[in-house]
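Ready for a few exercises? Have a look at the structure below, try each task yourself, and then check the worked solution.

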Amino acid sequence: MRAKAAPAPTVPAPQDVPRHVAIIMDGNGRWASRRKLPRIAGHKAGADAVRRTVRAAREMGIDCLTLYAFSSENWKRPEQEIADLTALLKHFIQNDLDEFHANNVRLRVIGDYRAFDASAVTMVEEALERTAANTGATLVIALNYGSQNELTRAAQAVARRVEAGELSADAITGETLAAELDTADLPPLDLLIRTSGEQRLSNFLLWQVAYAELYFTDLFWPDFDADALATACTAFAGRQRRYGGL
Ligand code: IPE
Ligand code: IPE
Ligand code: MG
């Protein structure tokens with residue numbers, strides 16, 4: 001008897017598509033170890049999942065997709081793994097940027113990408129510059145990103161304005177701080193997805209997640225695809241967001 005194919009997930013109606021989706025792309029290492037492969041094989045397969053997901057998000061009409069690629073804590077990993085991840089980042093820019101650019105996708109980075117090696121920094125900056133005027137979807141890559149560091153930098157920027165006499169401490173609002181975050185000009189976060197079964201934020205978008213919907217899946221990141229994204233968006237469409245009201 002043939003196994004019945006799983007029903008295709010319903011793609012949410014355009015009005016139900018979240019505007020800003022962020023993903024903690026986790027589980028590359030476990031995906032590889034299940035296959036008795038080195039961790040780098042998981043990261044390579046993860047890069048394929050990035051390509052699929054960016055395409056799917058654009059086709060679904062998601063305006064802004066933010067991907068957690070490297071956290072400020074990931075420097076704790078072995079040097080070789082960091083080198084492999086940096087190489088994959090460069091490879092991604094080299095091979096995929098043309099397609100995104102042709103599709104009017106604007107690339108943005110959050111986090112301090114300048115901590116990567118000089119050639120990676122140059123490539124990131126060229127990619128940012130090349131796509132800056134694009135008006136379609138926005139692809140945000142979080143590189144050496146940590147939310148506590150982002151909030152600290154924002155607090156320092158606000159404090160400098162107070163020191164300069166531009167602003168009084170009492171005049172500081174949530175908007176003042178939000179305007180100094182790396183995400184300042186991005187739409188509010190609607191949906192945060194984490195793969196691999198972990199249910200924590202790992203220092204990702206702590207401020208921005210305030211009223212985002214959270215979605216956890218057991219899929220390892222290399223297994224994530226258009227169907228998985230559609231399933232998450234369908235779940236999102238079924239949520240009732242109340243923002244503290246009734
Ligand atoms: C996510 O996969 C990729 C990065 C954090 C760069 P992991 O490398 O964390 O995979 P696991 O969690 O060890 O399975
Ligand atoms: C979060 O995954 C960071 C990225 C996906 C880039 P980690 O694998 O680094 O998170 P922890 O260590 O399990 O919290
Ligand atoms: Mg992990």
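**Exercise 1. Meet ligand 1**

Task: Find which side chain has an N or O atom 2.7 Å from an oxygen atom of ligand 1, then work out what else is around that ligand.

Solution:
- Step 1. Start with R77: an N or O atom in its side chain sits 2.7 Å from an oxygen atom of ligand 1. Bear in mind that this is a predicted model, so we are reading computed positions.
- Step 2. Now look for backbone partners. R30 offers a polar backbone atom 2.7 Å from an oxygen atom of ligand 1. For N28, a backbone N or O atom lies 3.1 Å from an oxygen atom of the ligand.
- Step 3. Fill in the rest of the surroundings. Going around ligand 1 you meet M25, D26, G27, N28, G29, R30, R39, H43, A69, N74, R77 and L85.

**Exercise 2. Move on to ligand 2**

Task: List the residues that surround ligand 2, and pick out polar side-chain atoms that lie 2.9 Å or 3.2 Å from one of its oxygen atoms.

Solution:
- Step 1. The surrounding residues are I24, M25, D26, Y68, A69, F70, S71, N74, R77, R194, R200 and S202.
- Step 2. Go through the side chains. N74 places a polar side-chain atom 2.9 Å from an oxygen atom of ligand 2. For R77, the distance from a polar side-chain atom to an oxygen atom of ligand 2 is 3.2 Å.
- Step 3. Add R194, where an N or O atom of the side chain is 3.3 Å from an oxygen atom of ligand 2.

**Exercise 3. Put the sheet in order**

Task: In what order do the six strands of the open sheet sit, and which are the edge strands?

Solution:
- Step 1. Walk across the sheet: the order is β3-β4-β2-β1-β5-β6, and the pairing is parallel.
- Step 2. Look for strands that pair on one side only. These edge strands are β3 (106-110) and β6.
- Step 3. Check the twist, which averages 20 degrees from one strand to the next.
- Step 4. Zoom in on β5 and β6. They pair in the parallel sense over four bridges, and L191 stands opposite E213 in β6.
- Step 5. Sort the residues of β6 by face. In a regular strand, side chains alternate between the two faces of the sheet. Here the covered face has E213 and Y215, while the uncovered one has L214 and F216.

**Exercise 4. Lay helices across the sheet**

Task: Which strands do helices α3 and α4 lie across?

Solution:
- Step 1. Helix α3 (residues 79-102) lies across β2 (64-71), β3 and β4 (138-145), and runs at about 165 degrees to β4.
- Step 2. Helix α4 (residues 118-131) lies across β3 and β4, at about 135 degrees to β3.
- Step 3. Pick one residue of α3, namely T86. With a relative accessible area of 6%, under the 20% cut-off, T86 is buried. Setting aside neighbours within four places in sequence, T86 is in contact with F116, D117 and A120.

**Exercise 5. Take α7 apart**

Task: Compare the reach of helix α7 with the expected value, then say what covers its buried residues.

Solution:
- Step 1. Helix α7 (residues 226-237) has 12 residues. From first C-alpha to last it reaches 16 Å, close to the 16 Å expected at 1.5 Å a residue.
- Step 2. Look at the start of the helix: a side-chain oxygen of D225 comes to within 3.2 Å of the backbone nitrogen of D227.
- Step 3. Pick out the buried residues, A228, L229, A230, A232, C233 and F236.
- Step 4. What covers them includes α2 (39-60), β5 (191-194) and β6 (213-216).

**Exercise 6. Positive phi, buried or exposed?**

Task: N144 and S196 have a positive phi without being glycine. Where do they lie, and are they buried or exposed?

Solution:
- Step 1. N144 has phi near 50 degrees and lies in strand β4. Its relative accessibility is 12%, so N144 counts as buried.
- Step 2. S196 has phi near 85 degrees and lies in the loop between β5 and β6. S196 is buried too, with a relative accessible area of 7%.
- Step 3. For contrast, try E163 in helix α5 (residues 147-163). E163 counts as exposed because its relative accessibility is 70%.

Notes: Residues numbered from 1 in each chain as written. Chains lettered and ligands numbered in written order. Predicted model: local features only at pLDDT ≥ 70, side-chain atom pairs only at ≥ 80, totals over all residues. Heavy atoms only, no water. Helix = DSSP H or I, 4+ residues; strand = E, 2+ residues; numbered from the N terminus. Expected span 1.5 Å × (residues − 1). Buried < 20%, exposed > 50% of the residue type's maximum accessible area, 1.4 Å probe, protein only. Contact = heavy atoms within 4.5 Å. Polar contact = N/O pair within 3.5 Å; in protein donor to acceptor, adjacent residues only side chain to side chain. Pairing = 2+ DSSP bridges. Axes fitted to C-alpha atoms, helices over the stretch in contact; angles between N-to-C directions. Near = heavy atom within 4 Å.
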